[in-house]
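I set out to record how the sheet of this chain is built and what packs around it. The entries below follow the order in which I looked things up.

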Amino acid sequence: MTRAVSASLDPEAPLDDLEPLRGVIGDARVVGIGESTHHAAEFYRLRHRLLRFLAERCGFTAYVFEAPFTEAHVIDDWVRGGPGDVAAVGTAGTALGLGDHPEMHAHLTWMRRHNEHAERPLRFVGALPVSTGSPLPALTEVERFLRRADPDALPLHTKAIEVAERFDADSLRAFQLYARLDVADRDAATAALSRLLARMECMAAHHRCEGRGREHAEATRHLRSAWHLDHFQRDLSGAGLSVGTAELDRYAAETALDVLAAEPRIVFAMHNTHLRRTPVEQEGAFGLFPAGYHLAERWATTTWRSPRRASAAAP
């Protein structure tokens, strides 16, 4: 078995000790870097160092991170030379405080420096549909496209927005508010999103013929983000199939396939829950209305704060 042992967690340290990774990776187009917990400083540093090696020496050109797809565009713009402050960009382009740490700021700053001279810029892509728990950011992007290209579909979009505005809040609070919606409102939002998605997908060829295939594809990705988030919220509120993070993971897989269509090799950086190769075991895993799986109700008394930077070695 080939082993690679990192002699340092310093992101700026020489990379020669990681050369044995070439034998482990081979010609794989996707490399996953997991973590057992969020907000641990060591995991940030290790990801940074591994990404340097993979980008500088192995030809990887996209960094698919555990961040919301829509909001992460602001980070992608910044690492390619766009305006802004790294701390503000890190906060705006991630969720649950994952972009609020000095190690993440150093990571993004290195990406920006790398792209200044890279033959092929290193992209930053959000893998998940979840942001603050609200689909409004994604639906705002969809609306821009519909107003230009398909105004007849706006009534469906408006219905989805009307419901989404009732649970637009920070972090877990949005899931709590969603769980308190009437079933009729939840169903109305799901129906509107599903019908709108069906229309967008059925009209793909038309938009390509009209010369806006790329814009349509991007808007559809934003819409699928809202659609997957809607089903994830139904699952967490106990009003859907109890399949854990399956909606998030499926969207992440779709995102990876989309990126692979344009990039030769990509790095996937997510929590182990999303990268694991074995199913998450849970009671009543596939019941339609599983008893005891009302996570949103359990969060009813939860107050969310952006976590402080932690150490993986801390007790």
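These entries concern a predicted model, and they go from the sheet to the nonpolar cores.

**Entry 1: the sheet.** I looked up the strand order first. Four strands form an open sheet, ordered β1-β4-β2-β3, and the pairing is parallel. I noted that β1 and β3 (123-128) stand at the edges; each has a single partner strand, so one side of each is left without a neighbour in the sheet. I then looked up the twist: neighbouring strands are turned by 30° against each other on average, with direction ignored.

**Entry 2: the pairings of β2.** I took the two pairings of β2 in turn. Five bridges join β2 to β3, and these strands run parallel. Within this pairing, V64 stands opposite V125 in β3, and F65 has G126 of β3 as its bridge partner. On the β4 side, four bridges join β2 to β4, again in parallel. There, V64 has F268 of β4 as its bridge partner. I therefore recorded V64 under both pairings, since a strand pair is defined by DSSP bridges, and V64 has a partner in β3 and in β4.

**Entry 3: cover over the sheet.** Is β2 mostly covered or mostly open? I found that seven of its seven residues are buried. I also looked up α5, which packs on the sheet and touches β2 and β3. The direction of α5 makes about 135° with that of β3.

**Entry 4: the largest nonpolar core.** How many residues does the largest nonpolar core have? The count is 32, and the residues with the most contacts inside this core are L54, Y63, F65, L108, M111 and F124. Elements that give two or more residues to the core include the strands β1 (30-33), β2 (62-68) and β4 (266-269). The helices that do so are α1 (21-25), α2 (41-58), α3 (73-79), α4 (86-92) and α5 (102-117). The largest share, seven residues, comes from α2.

**Entry 5: F124.** I then listed what F124 touches, leaving out residues up to four places away in sequence. Its contacts are Y63, F65, A67, A72, I75, D76, V79, M104, L108 and M111.

**Entry 6: another core.** Apart from the largest core lies another, of 27 residues. Among them I noted L136, A153, L181 and W227.

Note on methods
Residues numbered from 1 in each chain as written. Predicted model: local features only at pLDDT ≥ 70, side-chain atom pairs only at ≥ 80, totals over all residues. Heavy atoms only, no water. Core = buried A, V, L, I, M, F, W, Y, C linked by side-chain atoms within 4.5 Å. Buried < 20%, exposed > 50% of the residue type's maximum accessible area, 1.4 Å probe, protein only. Contact = heavy atoms within 4.5 Å. Axes fitted to C-alpha atoms, helices over the stretch in contact; angles between N-to-C directions.
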